[in-house]
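Thank you all for making the time this morning. I would like to walk you through one structure, slowly, for those who have not met it before.

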Amino acid sequence: MKRIAAIMAVLAMLATTALAAKEMAPPPDGPHHGDGKGIIRMIEDLKLSPEQKRFVAQTLKDSRAEGKGLREAMKTARQQMSEVMDKTPGDEALVRKAAQAMAKVGEDMAVHHGKVKAKIDTVLTPEQRAAASEKKHAFRDRFKDRFEKGGKALDEWIDQQLKS
């Protein structure tokens, strides 16, 4: 039961991410997705000391190879899910197998992210940790608003189509 719940959570997260990504317009100075500017901006906003910056930089450097491998594994799992959904969307066994592969990689990514965050948190002051948490929640709120806006548009479209 827990495994099914985990799979469903990952699928919901992926669906949310996909829908929200469609709704998000790139910033005026160009897209920043995956280019690292977000974390750089966060580090600058936290006003880390030179020692903290070096520690964070080394931690991120040490985690990059594993993170890259996990992102590649997720890319492969998503491609496999896409192929299943394109060719045999009604084959429940294949859909479940592809979803489980995505869930496993998602779980591994979450653990990896947690370990990196925990290590970085060891050098942050309580005030810096609170500021980072506040920024993360503000980002989630903006993201949530965009997703909900996309959901409203879809609901309106569905209602419009069903009226005729």
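I will begin with the overall make-up of the chain, then go through some pairs of charged side chains, and finish with two patches on the surface.

Please keep in mind throughout that what you see is a predicted model. The protein chain has five helices and zero strands, and if you read along the sequence the pattern is α-α-α-α-α. Of the 164 residues in the chain, buried residues make up 20%.

Let us turn to the salt bridges, of which the count comes to five, and I will take you through some of them.

In helix H3, which covers residues 50-87, Glu-51 forms a salt bridge with Arg-54, and the closest N and O atoms of this pair are 3.9 Å apart. Both residues lie in H3, three residues apart, which is about one turn of the helix. Are these two partners buried or exposed? Glu-51 counts as exposed because its relative accessibility is 52%, and the cut-off for that word is over 50%. Arg-54 is likewise exposed, with a relative accessible area of 54%.

The next pair sits in helix H4, residues 92-121, where Arg-96 and Glu-92 are four residues apart, again about one turn of the helix. Their side chains meet in a salt bridge at 2.8 Å, N to O. Here the word to use is partly exposed, since Arg-96 has a relative accessible area of 47% and Glu-92 has one of 48%, and partly exposed is the class that lies between 20% and 50%.

Also in helix H4, the side chains of Asp-121 and Lys-117 meet in a salt bridge, with an N to O distance of 2.6 Å. Because they are four residues apart in H4, Asp-121 and Lys-117 are separated by about one helical turn. Lys-117 is partly exposed, with a relative accessible area of 38%.

Before we leave helix H3, I would like to point out Asp-62, which is found there. The side chain of Asp-62 makes a polar contact with the side chain of Gln-58, at 2.7 Å. Asp-62 also gives us a way to relate two parts of the chain, for its C-alpha atom and that of Val-116 are separated by 9.3 Å, although the two residues are 54 apart along the chain.

Now to the surface, starting with charge. Which residues gather in a patch of positive charge? They are Lys-37, Arg-41, Arg-142, Arg-146 and Lys-149. The elements that give two or more residues to this positive patch are helix H2, residues 37-46, and helix H5, residues 126-163. Of these, H5 gives the most, with three residues. Lys-37, which lies in helix H2, counts as partly exposed because its relative accessibility is 41%.

The second patch is of another kind, for Leu-154, Trp-157, Ile-158 and Leu-162 form a nonpolar patch on the surface, and together they have about 440 Å² of accessible area. Ile-158 is found in helix H5, the helix that also gives three residues to the positive patch. With a relative accessibility of 34%, Ile-158 counts as partly exposed.

To draw this together, we have looked at a chain of five helices and zero strands, at salt bridges in helices H3 and H4, and at a positive patch and a nonpolar patch on the surface.

Conventions:
Residues are numbered from 1 along each chain as its sequence is written. This is a predicted model: local features need pLDDT of at least 70, side-chain atom pairs count only at pLDDT 80 or more; totals for chains, interfaces and linings use all residues. Side-chain values use heavy atoms; hydrogens and water are left out. Patches are made of residues with over 30% relative accessible area and no salt bridge: like charges are joined within 9 Å, nonpolar side chains (Val, Leu, Ile, Met, Phe, Trp, Tyr) within 5 Å. Accessible areas come from the Shrake-Rupley method with a 1.4 Å probe; for residues, only the protein chains shown count as cover. A salt bridge is a side-chain nitrogen of Lys or Arg within 4 Å of a carboxyl oxygen of Asp or Glu. Lys and Arg count as positive and Asp and Glu as negative; His and the chain ends are not counted. The place of a charge is taken as NZ of Lys, CZ of Arg, CG of Asp or CD of Glu. Buried means under 20% relative accessible area, exposed over 50%, partly exposed in between (1.4 Å probe, protein chains only). A polar contact is a pair of N or O atoms within 3.5 Å; within protein, one must be able to donate a hydrogen and the other to accept it, and residues adjacent in sequence count only if both atoms are side-chain atoms.
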